[in-house]
Amino acid sequence: MRHRRILPILLASLASIPVLALTGCRKSSEPQRAQDLAKAPAYATLPAGSSKPESGPERGTVTTYRGEGQILRVDSAQGRVTIAHKEIIGFMAAMTMTFRVKDSKLLDGVKPGDRVEFTLAETAQSVTISSIRRKPTG
């Protein structure tokens, strides 16, 4: 009879351990999240759906980066291209990423499998491909 009263209490106690552990982890990681956001480019920290530029010294500033890689997917209708690219010096490590293009006409003449060189234009609000060209084969 006594076991029937102890078992629900024991199970409830065991169930609360993961909740307490996760709560503790979340609190300790908040300073790290704040540091990560401070390092992030301004466009990455804009609220969802926001398109208004932030005021400040970066407004209107465009920084360009050169990249090269292989096209994996072209979506002209959405103005996007997926590229498996090498490291983009000063900007990001090598990875596969989908980019928006400044003008969907830039995607005319490129197809999956093409090796390309491209220029990224970074502003406080976005990163877009401003130019792209196929690399000669061989």
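**Exercise 1. Aromatic pairs**

Task: Determine how many aromatic pairs this predicted model contains, and classify each by its ring geometry.

Solution. Counting ring pairs with centres within 6.5 Å gives 2 aromatic pairs.

Step 1. The first pair to examine is Tyr-65 with Phe-91, whose ring centres lie 4.6 Å apart and whose planes meet at 35°. Planes under 30 degrees apart would count as stacked and those over 60 as edge-to-face; the pair of Tyr-65 and Phe-91 is therefore tilted.

Step 2. Next, place the two residues in the fold. Tyr-65 belongs to strand E1 (residues 63-75), whereas Phe-91 sits in the loop between strand E2 (80-85) and strand E3 (95-101). The pair therefore ties together parts that are 26 residues apart in sequence.

Step 3. Burial is judged against a limit of 20% relative accessible area. Tyr-65, at 15% relative accessibility, counts as buried, while Phe-91, at 22%, counts as partly exposed.

Step 4. The rings of Phe-99 and Phe-118 have centres 5.8 Å apart and planes at 45°, so this pair is also tilted. Phe-99 is in strand E3 and Phe-118 in strand E4 (residues 115-122), so the contact links parts 19 residues apart in sequence. Phe-99 and Phe-118 are both buried.

**Exercise 2. The sheet**

Task: State in what order the strands of the closed barrel run, and describe the pairings of E1 and E2.

Solution.

Step 1. The barrel is closed, has 5 strands and follows the order E1-E2-E3-E5-E4, with mixed pairing. On average, neighbouring strands of this sheet are turned by 50° against each other, with direction ignored.

Step 2. Strand E1 pairs with E2 through 6 bridges, and the two run antiparallel. Within this pairing, Ile-71 has Ile-83 of E2 as its bridge partner, and Val-74 stands opposite Val-81 in E2. E1 and E2 form a hairpin with 4 residues between them; in the turn, Gly-79 has a positive phi of about 70°.

Step 3. Strand E1 is also joined to E4, by 8 bridges in antiparallel orientation. Here Gly-69 has Val-116 of E4 as its bridge partner.

Step 4. Strand E2 is joined to E3 by 6 bridges, again antiparallel. Ile-83 stands opposite Met-97 in E3, and Arg-80 stands opposite Arg-100 in E3. Ile-83 thus appears as a partner of Ile-71 and of Met-97.

**Exercise 3. Surroundings of His-85**

Task: Decide whether His-85 is buried or exposed, and list its contacts outside the local sequence.

Solution.

Step 1. His-85 is located in strand E2. Its relative accessibility is 5%, so His-85 counts as buried.

Step 2. Leaving out residues up to four places away in sequence, His-85 touches Glu-68, Gly-69, Met-92, Ala-93, Ala-94, Met-95, Met-97, Phe-99 and Phe-118.

Step 3. Compare this list with the earlier results. Phe-99 and Phe-118, both touched by His-85, form one of the tilted aromatic pairs. Also among the contacts of His-85 are Gly-69, the bridge partner of Val-116, and Met-97, which is opposite Ile-83.

**Exercise 4. Two residues of strand E4**

Task: For Leu-120 and Thr-119, establish which is buried or exposed and which residues each contacts beyond four places in sequence.

Solution.

Step 1. Leu-120 lies in strand E4, as does Thr-119. Leu-120 has 0% relative accessibility and is therefore buried; Thr-119, at 11%, also counts as buried.

Step 2. Beyond its neighbours within four places in sequence, Leu-120 is in contact with Thr-63, Thr-64, Tyr-65, Ile-88, Phe-91, Phe-99, Val-127, Thr-128 and Ile-129. Both members of the pair in Exercise 1, Tyr-65 and Phe-91, are included in these contacts.

Step 3. With the corresponding exclusion, Thr-119 is in contact with Thr-64, Tyr-65, Arg-66, Thr-128, Ile-129, Ser-130 and Ser-131. Tyr-65 therefore appears in the contacts of Leu-120 and of Thr-119, and Tyr-65 is buried at 15% relative accessibility.

Step 4. As a distance check, the C-alpha atoms of Leu-120 and Arg-100 are separated by 9.6 Å, and these residues are 20 apart along the chain.

Note on methods: Residues numbered from 1 in each chain as written. Predicted model: local features only at pLDDT ≥ 70, side-chain atom pairs only at ≥ 80, totals over all residues. Heavy atoms only, no water. Phe/Tyr/Trp six-rings, centres within 6.5 Å; stacked < 30°, edge-to-face > 60°. Buried < 20%, exposed > 50% of the residue type's maximum accessible area, 1.4 Å probe, protein only. Pairing = 2+ DSSP bridges. Axes fitted to C-alpha atoms, helices over the stretch in contact; angles between N-to-C directions. Contact = heavy atoms within 4.5 Å.
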